Amino acid sequence: MDIEQRVVVVTGAGSGIGRALAEAFAAGGARVVIGDVDQAGANETASRISAAGGSAVALRADAADPADIEALADNAFGPADIYVANAGIIGASGLGTDTDWERILGVNLRAHIRAAEVLVPQWRSRGRGYFVSIASAAGLLSQIGAAGYAVTKHAAVGFAEWLAITYGDDGIGVSCVCPLGVDTPLLHAVRNADEPDALVGAESIVQSGLVISPQDVATATVEAVRSERFLVLPHPQVLDMYRHKGSDYDRWIAGMRRYQRSLREG
């Protein structure tokens, strides 16, 4: 898919992976709509893009709020051609509470569903459109220490698969991005948490592979959109991990339990 002059919406673009994605799409000639609950962060991303000669507009938007999704999808640049569902949270450690589950389901999953509810009818009528789900390797594997994150990222991958299967023949493309550790404020926050489960979870992330930059994820994502490739693995070793999991589920679970014990003892 050609991204030049396309209208690209990126949620959670006030920092981290979202900012890098917005800058990468803008560098490719797209007109970028930056959504974030942090207005100052969104404005800073837009300013960086403008200073580099790109086109961007910043909106304060909650990625899970239907009204804000409508505003992002129909913005100053016109209807969205590409929607990057990037906003996400790590959520509570351990099992969490009902309130914790409502929050993480809203941001990590329902935000994707609600965006699709707005965009898919428009894209089907136009015969084109592209949805990018920024999920996680946790959606293919799991996440030690945080049930909400593991479950919602699995669900995000599943929803992206369903979109690709259901609407691919209507001209709608889908990419699902599943990195391991990325050097973002989210990872820093987890590494500095007080809860033992959160610290173990953070350690599992940094030990699983090289912690890469947000720009690495953005580069891989833009390339995938251009080639209309579904599964995007900025850490290529995730594919072998995923294959190992599927080849012997019981052995994989036993290995993950051993790994968790070693982290807790360490």
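Which residue forms a salt bridge with Arg 124? In this predicted model, the partner is Asp 170, and the closest N and O atoms of the two side chains sit 3.1 Å apart. Asp 170 is found in the loop between α5 (147-167) and β8 (172-177), while Arg 124 belongs to helix α4, so the contact ties together parts of the chain that are 46 residues apart in sequence. Neither end of this bridge is hidden away: Asp 170 is partly exposed, with a relative accessible area of 26%, and Arg 124 is partly exposed too, at 46%.

Zooming out helps to place this pair. The chain is built from 10 helices and 9 strands. Its radius of gyration is 18 Å, close to the 18 Å that the globule rule gives for 266 residues, so the chain is as compact as a globular protein of that length. Taken along the principal axes, the C-alpha atoms fill a box of roughly 55 × 40 × 35 Å. As for burial, 50% of the 266 residues count as buried.

Back to the charged pairs: the structure holds 7 salt bridges. One of them joins the side chains of Glu 23 and Arg 48, at 2.6 Å from N to O. Here the link runs between two helices, with Glu 23 in α1 (residues 16-27) and Arg 48 in α2 (residues 39-51), and the two residues are 25 apart along the chain. Glu 23 counts as partly exposed because its relative accessibility is 21%, and buried would mean under 20%. Arg 48 is partly exposed as well, with a relative accessible area of 40%.

Another salt bridge pairs Arg 126 with Asp 81, with 2.7 Å between the closest N and O atoms. This one also connects distant parts of the chain: Arg 126 is in helix α4 (residues 98-126), whereas Asp 81 sits in the loop between β5 (78-79) and β6 (82-85), 45 residues away. The two ends see rather unlike surroundings. Arg 126 is partly exposed at 32%, but Asp 81 counts as buried because its relative accessibility is just 6%, under the 20% cut-off. The story does not stop at two residues, since salt bridges that share partners join Asp 81, Arg 126 and Arg 128 into one network.

Some charges gather in another way. Arg 251, Arg 257, Arg 258 and Arg 261 form a patch of positive charge on the surface. Arg 258, one of these four, is placed in helix α10 (residues 249-265) and is partly exposed, with a relative accessible area of 49%.

Technical notes. Residues numbered from 1 in each chain as written. Predicted model: local features only at pLDDT ≥ 70, side-chain atom pairs only at ≥ 80, totals over all residues. Heavy atoms only, no water. Patch = residues over 30% accessible without salt bridge, like charges linked within 9 Å, V, L, I, M, F, W, Y side chains within 5 Å. Areas by Shrake-Rupley, 256 points an atom, 1.4 Å probe, with all protein chains shown as cover. Salt bridge = Lys/Arg side-chain N within 4 Å of Asp/Glu carboxyl O. Lys, Arg positive; Asp, Glu negative; His and termini not counted. Charge placed at Lys NZ, Arg CZ, Asp CG, Glu CD. Buried < 20%, exposed > 50% of the residue type's maximum accessible area, 1.4 Å probe, protein only. Rg over C-alpha atoms; globule rule 2.2 N^0.38 Å.
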